[in-house]
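Got your viewer open? Load the model below, and we'll walk through it one selection at a time.

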Amino acid sequence: MKTDNEFKLTVDGKSVNESFARVVVSAFITPLDPTLEELADLKTAVSEAVTNCIVHAYKERFGRIYITGKINGSTVKITVRDKGCGIENVEKAMAPLFTTGGGDRAGLGFTVMESFCDKITVRSKVNVGTSVTLIKKIEGKAKW
């Protein structure tokens, strides 16, 4: 499959970079002329994926977050990856309300990502890291 455009970004696993990642993805998909809803959906999904890296992947140490984006036609593919602790049971982690983050976490990150994207894929290996791929087709304003 031909890639029309792509980017690679590495950021520190700090909460300040969650909003930076949202802005980068927003700018990246602008040529597709997304609706405000499509833009908000993808920004929210990316925010959740990056926040998961910050909160869960690097609990007791510093780490980096690797974000890549690709556009193929009107389909956007964003991958958010870490080299953190990994997820022992991905299926369980993706269940609504499940969290390892304690009482202050809602356990809805993957549920939110699934609701705002056409498809998400989560791959993880304990002590190696996790990769979350978000896929969303952009219909765009021009087609309305």
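Start by looking for disulfides, meaning pairs of cysteine sulfur atoms within 2.5 Å: the structure holds 0 of them. Select C85 and you'll see a partly exposed residue, with a relative accessible area of 30%. C117, on the other hand, is buried at 8%. Here buried means under 20% relative accessible area, exposed means over 50%, and partly exposed is in between, using a 1.4 Å probe and protein chains only.

Some housekeeping before we move on. This is a predicted model, where local features need pLDDT of at least 70 and side-chain atom pairs count only at pLDDT 80 or more, while totals for chains, interfaces and linings use all residues. Residues are numbered from 1 along each chain as its sequence is written, and side-chain values use heavy atoms, with hydrogens and water left out.

**The whole chain**

Switch to a cartoon view. You should find 4 helices and 5 strands, in the order β-α-α-β-β-α-α-β-β from the N terminus. These elements are DSSP runs numbered from the N terminus: helices are H or I with at least four residues, strands are E with at least two. Of the 144 residues, 43% are buried.

**Helix α1**

Now select residues 16-29, which make up helix α1. Its buried residues are N17, E18, A21, V25, S26, F28 and I29. What lies over them? The cover includes β1 (5-12), α2 (36-57), β2 (64-72) and β3 (75-82).

**Helix α2**

Click on T51, which lies in helix α2. T51 is buried, with a relative accessible area of 19%. Show its side chain: a polar atom there sits 2.8 Å from the backbone oxygen of S47.

Next, pick I54, also found in helix α2. I54 is buried too, at 18%. Which residues does I54 touch, leaving aside neighbours within four places in sequence? They are G13, K14, S15, E18 and I65, where contact means heavy atoms within 4.5 Å. Try the distance tool on I54 and G84: they are 30 residues apart in sequence and 9.5 Å apart in space, C-alpha to C-alpha.

**Strand β5 and its partners**

Select residues 129-137, strand β5. Because 7 of its 9 residues are buried, β5 is largely enclosed by the rest of the structure. It pairs with β3 in the antiparallel sense over 7 bridges; two strands pair if DSSP finds at least two bridges between them. One bridge to look for links R81 with S131 in β5.

Now add β4, residues 119-125, which runs antiparallel to β5 and is joined to it by 7 bridges. Here T121 stands opposite T133. Follow the chain from β4 to β5 and you'll trace a hairpin with 3 residues between the strands. Stop at N127 in that turn, which has a positive phi of about 65°.

**The nonpolar core**

Last stop: the largest nonpolar core, which has 30 residues. Such a core is a set of buried Ala, Val, Leu, Ile, Met, Phe, Trp, Tyr and Cys residues joined through side-chain atoms within 4.5 Å. Which members touch the most others? Highlight I67, I78 and L134. The largest share of this core, 7 residues, comes from α2. Finish on L134: not counting residues up to four places away in sequence, its contacts include A45, V46, I78, M113 and C117.

Technical notes:
A polar contact is a pair of N or O atoms within 3.5 Å; within protein, one must be able to donate a hydrogen and the other to accept it, and residues adjacent in sequence count only if both atoms are side-chain atoms.
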